[in-house]
Amino acid sequence: NILLATNCSCRRGWIPQMLQKDNIELRQVVVDECGTAPEPETLCPLTLSRSIRRIVLVGDYRQLRPVVKNRDAGALGLSRSLFERLEVQRAELAAADDGSTAADEASPAADEEETHGRK
């Protein structure tokens, strides 16, 4: 079974009800363009099932960030996506393990070098 929905619409009443009624358990969730979605919005599809085994976040947080018009909301972290937070945290942990800086780990140049096999 495949369910396609936007991040916010997947939490509307009829989708969770349908999944529960038909006893459907989602095992994988793919969130596209998650670099542009505020963190709470990205969490919506992750709450549809207790059986999720794999979460795939697709996007580039350095290209387009979430659009948040309220300065207070942005200052409280809503202008940062879940994808960005997880990637920055991963880079910081990797830097702590090998002694490099988190900026080196999360830089676009480092990603491009890895993509082109130069790393």
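Here are some numbered notes on the structure above, which is a predicted model.

1. **The overall layout.** Start by scrolling along the chain and picking out its elements. There are six helices and two strands. Read from the N terminus, they come in the order α-β-α-β-α-α-α-α.

2. **Inside and outside.** The chain has 119 residues, and 28% of them are buried. Its accessible surface is about 8,600 Å², and carbon and sulfur atoms account for 50% of that. Now look at who touches whom: among contacts with a separation of 6 or more, 59% are between residues 24 or more positions apart.

3. **The two strands.** Which way do strand 1 and strand 2 run relative to each other, parallel or antiparallel? They run parallel, and four bridges join them. To find your bearings, look for Q28, which sits opposite R54 in strand 2. To get from strand 1 to strand 2 the chain passes through helix 2, and this β-α-β crossover is right-handed. Try tracing that path yourself on the screen.

4. **One face of helix 2.** Stay with the crossover helix for a moment. Helix 2 covers residues 39-46, and its buried residues are E39, T42, P45 and L46. Viewed down the axis of helix 2, these buried residues fit within an arc of 120 degrees, so they line one face of the helix. A bit of background helps here: an α-helix has 3.6 residues a turn, so residues three or four places apart point the same way. What covers the buried residues of helix 2? The cover includes strand 1 (28-31), strand 2 (54-57) and helix 4 (82-98).

5. **N7, ahead of the first helix.** N7 belongs to the segment before helix 1 (14-21). Is N7 buried or exposed? Its relative accessibility is 14%, and the cut-off for buried is under 20%, so N7 counts as buried. Leaving aside neighbours within four places in sequence, N7 is in contact with V31, A37, E41, T42, C44 and P45. Two of those names, T42 and P45, should ring a bell from the list of buried residues in helix 2.

6. **D32, out in the open.** D32 is in the loop between strand 1 and helix 2. With a relative accessible area of 53%, D32 is exposed, because the cut-off for that is over 50%. How far apart in space are D32 and V58? From C-alpha to C-alpha the distance is 4.8 Å, although the two are 26 residues apart in sequence.

7. **An aromatic pair.** Searching the whole structure turns up one aromatic pair. The ring centres of Y61 and F83 are 6.2 Å apart and the ring planes are at 65 degrees, so this is an edge-to-face pair. Y61 is in the loop between strand 2 and helix 3 (71-78), while F83 is in helix 4, so the pair ties together parts that are 22 residues apart in sequence. Y61 and F83 are both buried.

8. **E84 and its contacts.** Finish in helix 4, where you'll find E84. E84 has a relative accessible area of 11% and is buried. Which residues does E84 touch, not counting those up to four places away in sequence? The answer is Y61 and R65. Y61 is also a member of the aromatic pair with F83, so it's worth turning the model to view E84, Y61 and F83 together.

How values were computed:
Residues are numbered from 1 along each chain as its sequence is written. This is a predicted model: local features need pLDDT of at least 70, side-chain atom pairs count only at pLDDT 80 or more; totals for chains, interfaces and linings use all residues. Side-chain values use heavy atoms; hydrogens and water are left out. Buried means under 20% relative accessible area, exposed over 50%, partly exposed in between (1.4 Å probe, protein chains only). The arc is that of the directions from the helix axis to the C-beta atoms. Contact means heavy atoms within 4.5 Å. Rings of Phe, Tyr and Trp (its six-membered ring) pair if their centres lie within 6.5 Å; planes under 30 degrees apart count as stacked, over 60 as edge-to-face and the rest as tilted. Accessible areas come from the Shrake-Rupley method with a 1.4 Å probe; for residues, only the protein chains shown count as cover. Two strands pair if DSSP finds at least two bridges between them. A crossover is right-handed if, with the strands pointing away from the viewer, the path from the first strand over the helix to the second runs clockwise.
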